[in-house]
Amino acid sequence: MQQDLNRVIEQVSKEKGIDKSILVSALENAMVSAAKKTFGHQKKIEAQYNPELGEVELFEAKLVVETITDPDTEITLQDARETLDPDANVGDELLTKLDTSGFGRIAAQTAKQNIVQRVRDAEREIIYNEFKAREGQLVNGIVQRFEKKNIIVNLGRTDAILPEKEQVPRERYRQSDRIRAYIVSVEMTSRGPQIVLSRTHPGMVIKLFEQEVPEIYEGIVEVKGAAREPGGRAKIAVISHDSDVDPVGACVGMKGTRVQAVVQELRGEKIDIIHWIPDAAEYVCRALAPAKVSKIIVDDDEHSMEVIVPDDQLSLAIGRKGQNVRLAARLAGWKIDVRGESEADEETRRARSSIGAIPGINDMVAELLYQAGFKSAEEIAEADLETILDVDGIEPDKAEIIYKASREHVTEKKLREAEIAAAEAAARSLETAETPATGEAEQGEKSEG
């Protein structure tokens, strides 16, 4: 009987994966709590587990004093020497073993509840630490049940949640289906660890390639980024740290076996694999694949790029409902504006014509202003003098002339446009006023007839 407790501690420790010292501490705390209910909360009681006896021993502690102020926790020097320790001195703390044979049913039940709660807390802590360390990793589970539109997934030792917003559209699951997902976050709540999964996170694509491509796992090939429209298309950028290894080829695999394994796990989601390079403009060109790029204009201040493509490549570059250009922008981290060559040429013609119309500006100056990013006379008029002075190739005195001339030109242009608009409005008003009269005359002629 005495060794039963040792056996229970050993068994629970193995089954729950909880350190024996935690269980022993839980037992000692539970026994102290139960003892105080029996002997009184005001008493100072300590517990100590005795592995040889296989039981928790309880002791009442009393402080040796000259004059007692608290009879529950203090004892006089004379009484201490007579009843507990002949060598006792003032300031010593003496322990007296308590008889636990009289423990009642309620005290025993309290001790049991405390132990169960402590074991549960320890188990939760272990699960939390285990899965917290696995954030950003893939995990396999089984669909347990559905709560509204969220999926509860059994991960073995605990359950996780796959929220509706983290589910891929058109993917359907039934109870007991196996499911692989990406661990987005692990938080400790009052109800225990909450593990949130995702099937839509870009990290899932990266981890799937890591599993399928040994070169990524070994660090020879590095994934520099990924962007997804879950269920539709994904783009992943890779670079090789070994000149003999082609990063794109490594990810595609022999006859496409590696990339197809990832596509199959993502239920047919198309994947573009792009060779990453540090040159941002060239990287964007590659990110827009399979479309071919004719020209690219970089605006570092706005962190944006204007990409010109042949007209027959425009729809390919933009993609279905803008998908291709959106993914390229996310992958590269730049704002991307895609235009066809004919549209860009027409805009260029209009811009040069608008700038060239400013009095005193020749073709060379107009081209310098256009190359500096100005697209119209209005943009030049709205700019401050310092901005025009910053244009390479334009002297300060010429910049001041441009500054004044552009403002005067735009002001005159607006006045002319306002006069034309007023004249057109007056003509429409007159036409409207005459129309009913004509109608009435026609009505009169019909009546006479």
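Let us start with two strands: β10 and β11 (residues 233-240) run antiparallel to each other and are paired over eight bridges. Keep in mind as you look that this is a predicted model. To see the pairing up close, find Glu222, whose bridge partner in β11 is Ile239. Ala226 likewise has a residue of β11 opposite, namely Ile236. Between the two strands lie three residues, and together the strands form a hairpin. Look in its turn for Gly231, which has a positive phi of about 90°.

Now widen the view. The hairpin strands belong to an open sheet of three strands, ordered β10-β11-β12, in which the pairing is mixed. Which strands form the edges? They are β10 and β12, each of which pairs on one side only. On average, and ignoring direction, neighbouring strands here are turned by 20° against each other. A handy rule for reading such a picture is that side chains in a regular strand alternate between the two faces of the sheet. Is strand β10 mostly covered or mostly open? It is mostly covered: of the nine residues in β10 (residues 221-229), seven are buried.

Next, look at the helices that lie across these strands. Helix α5 lies across β10, β11 and β12, and runs at about 140° to β10. Helix α9 lies across β11 and β12, running at about 155° to β12.

Helix α8 (residues 257-265) makes a good exercise in reading a helix. Its residues Val259, Val262 and Val263 are buried. Where on the helix do the buried residues sit? Looking down the axis of α8, you find them within an arc of 100°, so they line one face of the helix. The general rule behind such patterns is that an α-helix has 3.6 residues a turn, so residues three or four places apart point the same way. And what do the buried residues of α8 pack against? Their partners are α5 (202-212), α7 (247-252) and β12 (270-275). After α8 comes Arg267, with a positive phi near 60°.

Let us return to α9, this time for its meeting with another helix. The axes of α9 (residues 280-287) and α11 (residues 323-332) come within 9 Å, crossing at roughly 145°. This crossing of α9 and α11 is right-handed. From α9, Tyr283, Val284 and Ala287 take part, and they meet Ala328, Leu331 and Ala332 of α11. Sorted by class, this contact has six nonpolar residues, with no polar and no charged ones.

Finally, some details of the backbone deserve a look. As background, most residues other than glycine have a negative phi, and most peptide bonds are trans. With that in mind, visit the loop between α9 and β13 (295-299), where you will find Pro290. The peptide bond joining Ala289 and Pro290 is cis, with omega at about 15°.

Two lysines are worth finding as well. Lys148 is in the loop between β5 (138-147) and β6 (150-154), and its phi is positive, near 60°. Is Lys148 buried or exposed? Its relative accessibility is 85%, so Lys148 counts as exposed. Lys321 sits in the loop between α10 (314-318) and α11. Although Lys321 is not a glycine, it has a positive phi of about 55°. Lys321 is exposed too, its relative accessible area being 74%.

Key:
Residues are numbered from 1 along each chain as its sequence is written. This is a predicted model: local features need pLDDT of at least 70, side-chain atom pairs count only at pLDDT 80 or more; totals for chains, interfaces and linings use all residues. Side-chain values use heavy atoms; hydrogens and water are left out. Axes are lines fitted to C-alpha atoms, for helices over the stretch in contact, and angles run from 0 to 180 degrees between N-to-C directions. Helices (H or I, at least four residues) and strands (E, at least two) are DSSP runs, numbered from the N terminus. A crossing is left-handed if the near helix is turned anticlockwise from the far one by less than a right angle, and right-handed if clockwise. Contact means heavy atoms within 4.5 Å. Ala, Val, Leu, Ile, Met, Phe, Trp, Tyr, Cys and Pro count as nonpolar, Asp, Glu, Lys and Arg as charged, and the others, Gly among them, as polar. Buried means under 20% relative accessible area, exposed over 50%, partly exposed in between (1.4 Å probe, protein chains only). The arc is that of the directions from the helix axis to the C-beta atoms. Two strands pair if DSSP finds at least two bridges between them.
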